[in-house]
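Here is a short set of exercises to work through with the model open beside you. Try each task before reading its solution.

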Amino acid sequence: MTQTTPPDPPGRTAAVIPAAGRGVRLGPGAPKALRALNGTPMLVHAVRAMARARAVSLVVVVAPPEDAAVAEVRALCADVTSGADVVVVAGGDTRQESVARGLAALPADVDVVLVHDAARPLVPVDTVEAVAAAVRAGAPAVVPALPLADTVKQIAAAPPGDPEPVVATPDRSLLRAVQTPQGFDRAVLAAAHEKITVAGDGATDDAGMVERLGEPVVLIPGHEEAFKVTRPLDLVLAEAVLARRRESGGF
Ligand SMILES: Nc1ccn([C@@H]2O[C@H](COP(=O)(O)OP(=O)(O)OP(=O)(O)O)[C@@H](O)[C@H]2O)c(=O)n1
Ligand SMILES: C[C@](O)(CO)[C@H](O)COP(=O)(O)O
């Protein structure tokens with residue numbers, strides 16, 4: 001009789017939350033991830049959103065690099081009770097560098113990584129679970145995305161203050177606005193971060209780096225509530241979403 005070796009058990013899924021940005025577009029104040037939404041810092045909402053997902057057993061938060069900010073983020077995260085462990089590390093000068101620092105803190109048994117902006121604090125847990133499940137099902141890179149509401153123009157570079165000349169109107173039906181969490185096979189994401197250096201040609205999202213390796217990236221449906229808090233009006237929208245959730249008895 002032939003003996004079959006049982007398959008290795010799957011490793012763990014971890015979330016890396018880059019939260020080290022300044023929030024320049026939000027205006028003067030504390031680093032964006034530490035600003036309050038409904039009385040709770042944005043990054044705490046983001047950590048809860050990831051930790052509530054059954055798939056996620058570890059959350060690595062990448063804090064603004066100053067010692068005081070790291071200590072503050074550690075204290076905030078100590079109060080987040082959930083099924084997931086939470087670890088805090090110091091971030092870098094760019095999002096890409098901050099994500100790389102988060103990846104460096106992952107233990108060996110993590111084989112799936114979700115990278116999620118602290119600036120998308122209201123992502124629904126179903127979206128997190130769907131991204132993780134698609135990676136577990138075999139996709140090396142998975143990105144939640146939505147169709148565009150606006151028509152998009154491609155421009156030519158112009159001197160500051162000059163009108164920008166339009167060179168093309170891309171077919172909107174073939175464009176998508178991408179969100180986070182972006183989910184990855186850990187080895188694929190690690191290879192992308194090794195090969196694409198910040199000093200060279202940086203990237204605005206992790207999936208873009210994986211694309212440059214020639215690895216396939218697939219999209220799944222995103223969610224309107226996973227929007228990124230970028231400008232002051234986004235804070236108004238985020239508070240309204242939280243109020244609606246409270247009224248309907250949700251989180
Ligand atoms: N050096 C950086 C820059 C950004 N981020 C994180 O990357 C996410 C997306 O970035 P963005 O929304 O652009 O945040 P900021 O860089 O803070 O915004 P701004 O460009 O307006 O300063 C945020 O959660 C932000 O904290 C980071 O961890 N480290
Ligand atoms: C990762 C991201 O949220 C996907 O839309 C986005 O690219 C971050 O861009 P930002 O300029 O750092 O806000």
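**Exercise 1. The shell of ligand 2**

Task: Find which residues surround ligand 2, and sort that shell by class.

Solution: Start by selecting ligand 2 in this predicted model. Around ligand 2 you should find Arg 95, Asp 117, Val 178 and Gln 179, together with Thr 180, Thr 204, Asp 205 and Lys 228. Next, sort the shell of ligand 2 by class: 4 residues are charged, 3 are polar and 1 is nonpolar. Keep Arg 95 in mind, as this residue of the shell also counts among the buried residues of α3.

**Exercise 2. The shell of ligand 1**

Task: Work out how many residues surround ligand 1 and which are closest.

Solution: The count for ligand 1 is 22 residues. The closest of them are Pro 18, Ala 20, Gly 21, Arg 25 and Ser 98. By class, the shell of ligand 1 splits into 8 nonpolar, 7 polar and 7 charged residues. Ser 98 links this exercise to a later one, since it is one of the buried residues in α3.

**Exercise 3. The overall form**

Task: Decide what the radius of gyration of the protein agrees with, given its 251 residues.

Solution: For 251 residues, a compact globule would have a radius of gyration near 18 Å. The protein has 19 Å, so the value agrees with that expectation. Now look at the extent of the C-alpha trace, which spans about 75 × 40 × 40 Å along the principal axes. Then take the secondary structure, which comes to 12 strands and 7 helices. For burial, 39% of the 251 residues count as buried. Finally, consider contacts between residues at least 6 apart in sequence: 72% of these join residues at least 24 apart.

**Exercise 4. Strand β4 and its partners**

Task: Say which strands are joined to β4 by bridges, and whether β4 is enclosed or open.

Solution: First take strand β1 (residues 12-18), which runs parallel to β4 and is joined to it by 6 bridges. In this pairing Ala 14 stands opposite Leu 58. Then take strand β5 (residues 85-90), also parallel to β4 and joined to it by 6 bridges. Here Leu 58 stands opposite Asp 85, and Val 59 stands opposite Val 86. Between β4 and β5 the path includes helix α2 (residues 67-78), and the three elements make a right-handed β-α-β unit. As for burial, 7 of the 8 residues of β4 (residues 56-63) are buried, so the strand is largely enclosed by the rest of the structure.

**Exercise 5. The covered helix**

Task: Find how many residues of helix α3 are buried, and what covers them.

Solution: Helix α3 (residues 95-104) has 10 residues, of which 9 are buried. Those are Arg 95, Gln 96, Glu 97, Ser 98, Val 99, Ala 100, Arg 101, Gly 102 and Leu 103. Looking outward from them, the covering elements include strands β1, β4, β5 and β6 (110-115), along with helices α5 (186-195) and α6 (206-212).

**Exercise 6. Buried or exposed?**

Task: Classify Gly 138, Asn 38 and Arg 120 as buried, partly exposed or exposed.

Solution: The cut-offs are 20 or more other C-beta atoms within 10 Å for buried and 12 or fewer for exposed, with partly exposed in between.

- Gly 138, in the loop between α4 (125-136) and β7 (141-147), has 7 C-beta neighbours inside 10 Å and therefore counts as exposed.
- Asn 38, in the loop between β2 (36-37) and β3 (40-41), has 13 and is partly exposed. Its phi is near 55°, a positive value in a residue other than glycine.
- Arg 120, in the loop between β6 and α4, has 26 and is buried.

To see what surrounds Arg 120, leave aside its neighbours within four places in sequence: its contacts are Ala 46, Gln 179, Thr 180, Ala 226, Phe 227 and Lys 228.

**Exercise 7. An unusual peptide bond**

Task: Identify which residues a cis peptide bond joins.

Solution: The bond lies between Thr 180 and Pro 181, with omega about 10°. Pro 181 belongs to the loop between β10 (176-178) and β11 (182-185). Thr 180 should be familiar by now: it is in the shell of ligand 2 and in contact with Arg 120.

Technical notes: Residues are numbered from 1 along each chain as its sequence is written. Chains are lettered from A and ligands numbered from 1 in the order in which they are written. This is a predicted model: local features need pLDDT of at least 70, side-chain atom pairs count only at pLDDT 80 or more; totals for chains, interfaces and linings use all residues. A residue is near a molecule or strand if its C-beta atom, placed from the backbone, lies within 6 Å of it. Ala, Val, Leu, Ile, Met, Phe, Trp, Tyr, Cys and Pro count as nonpolar, Asp, Glu, Lys and Arg as charged, and the others, Gly among them, as polar. Helices (H or I, at least four residues) and strands (E, at least two) are DSSP runs, numbered from the N terminus. The radius of gyration is taken over C-alpha atoms; the globule rule is 2.2 Å times the number of residues to the power 0.38. Two residues are in contact if their C-beta atoms, placed from the backbone, lie within 7 Å. Two strands pair if DSSP finds at least two bridges between them. A crossover is right-handed if, with the strands pointing away from the viewer, the path from the first strand over the helix to the second runs clockwise.
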